[in-house]
Amino acid sequence: MKYFEFGTENRELVVILHGGGTSYRGTEPTARLLGERFHVILVAYDGFNPSEPETEFRSPMDEAKRLGDHIVAHYGGKIDVLYGLSYGCRILMEVLADERLTITAAIADGMSLRDYPDIKSKWGKDIYCFFFTGLFYAVMGHPGPRRKKFLAKITGRSYAEADRILYGRATWKSWKNQDYDLIGKKTDYSLFARTHMFLWYGIRGSVDKKLSANLGRLQKTGVPFEVKIFTELGHGGLAGEHPRQFVEELARAYASAVQKEGSKCDRSAACA
């Protein structure tokens, strides 16, 4: 795991978790711009880092644990904004579960609201990964021109963006490990209460429409979160193709979280 930092002179800390099957380069230009206003840590996962091609991804829990160790050791366990994109939302949820950390705002951009199948046996998980993970590995793991065009179409992104973010050197083991430990695991949405939670979806393509299909059901549970739909953007398009708008939206979400935190403290002696 490697960390790329921007805007280290700034006080508020933003941590960015990129999508699965891609490298940190997809969000690097946005992270650099965000560094003009925030201290930004852009996380590069093992197995998907062009500068460390010898590494392998172990699990989202492992990535979250090591990130938590880093934040505790160097930043006193405090994150002002935790941002996860697509698969990065899976890691975001594991970070939210780390009770050592205090997170003012969390933004899950393109988060799937559907759990992996409830499979417990090793052979069942292996079969699922062979077919499900294998499909994505075939499409994204060895990206040629046709596959890049296909990915751009379903995500509502440009071909140039798909070409920039896809990472073709990850091993099958790294791809499989992205999914394996999540099979049979239920998402604990009560963790939303540990922060001020924001869900973002760009529904120009078909991907986020499917990922957000259970949004109404989640809203009925009463777990606290705010949702914003970007009809003119595709999956991850805000962070990938519209960095200035991304910075403004993130800053707005953070300001809202700080305001709500202040209001909560006004009503509680515990914040005194």
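This passage looks at strand 2 and its neighbours, and then at a pair of helices, in a predicted model.

Strand 2, which spans residues 13-17, makes a good starting point. Of its 5 residues, 5 are buried, and the strand is thus described as mostly covered. In a regular strand the side chains alternate between the two faces of the sheet. Taking the faces of strand 2 in turn, Leu-13, Val-15 and Leu-17 lie on one side, while Val-14 and Ile-16 lie on the other. Both faces are covered, with the residues on either side all buried.

Strand 2 has parallel partners in strand 3 and strand 4. With strand 3 (residues 39-44), the parallel pairing runs over 5 bridges, and here Ile-16 sits opposite Leu-42. With strand 4 (residues 78-85), strand 2 pairs in the parallel sense over 4 bridges; Leu-17 has Gly-84 of strand 4 as its bridge partner. Helix 1 (residues 28-34) also enters the picture, as strand 2, helix 1 and strand 3 together form a right-handed β-α-β unit.

Turning to the helices, helix 2 (residues 60-75) packs against helix 3 (residues 88-96) at an angle of about 50 degrees, and their axes are 8 Å apart. Because of this angle, helix 2 is oblique to helix 3. The crossing of helix 2 past helix 3 is right-handed. On the helix 2 side, the contact involves Pro-60, Met-61, Glu-63, Ala-64 and Leu-67; these meet Ile-91, Glu-94 and Val-95 of helix 3.

Key: Residues numbered from 1 in each chain as written. Predicted model: local features only at pLDDT ≥ 70, side-chain atom pairs only at ≥ 80, totals over all residues. Heavy atoms only, no water. Buried < 20%, exposed > 50% of the residue type's maximum accessible area, 1.4 Å probe, protein only. Helix = DSSP H or I, 4+ residues; strand = E, 2+ residues; numbered from the N terminus. Pairing = 2+ DSSP bridges. Right-handed = clockwise from strand over helix to strand, strands pointing away. Axes fitted to C-alpha atoms, helices over the stretch in contact; angles between N-to-C directions. Parallel < 35°, antiparallel > 145°, perpendicular 65-115°, else oblique. Left-handed = near helix turned anticlockwise from the far one by under 90°. Contact = heavy atoms within 4.5 Å.
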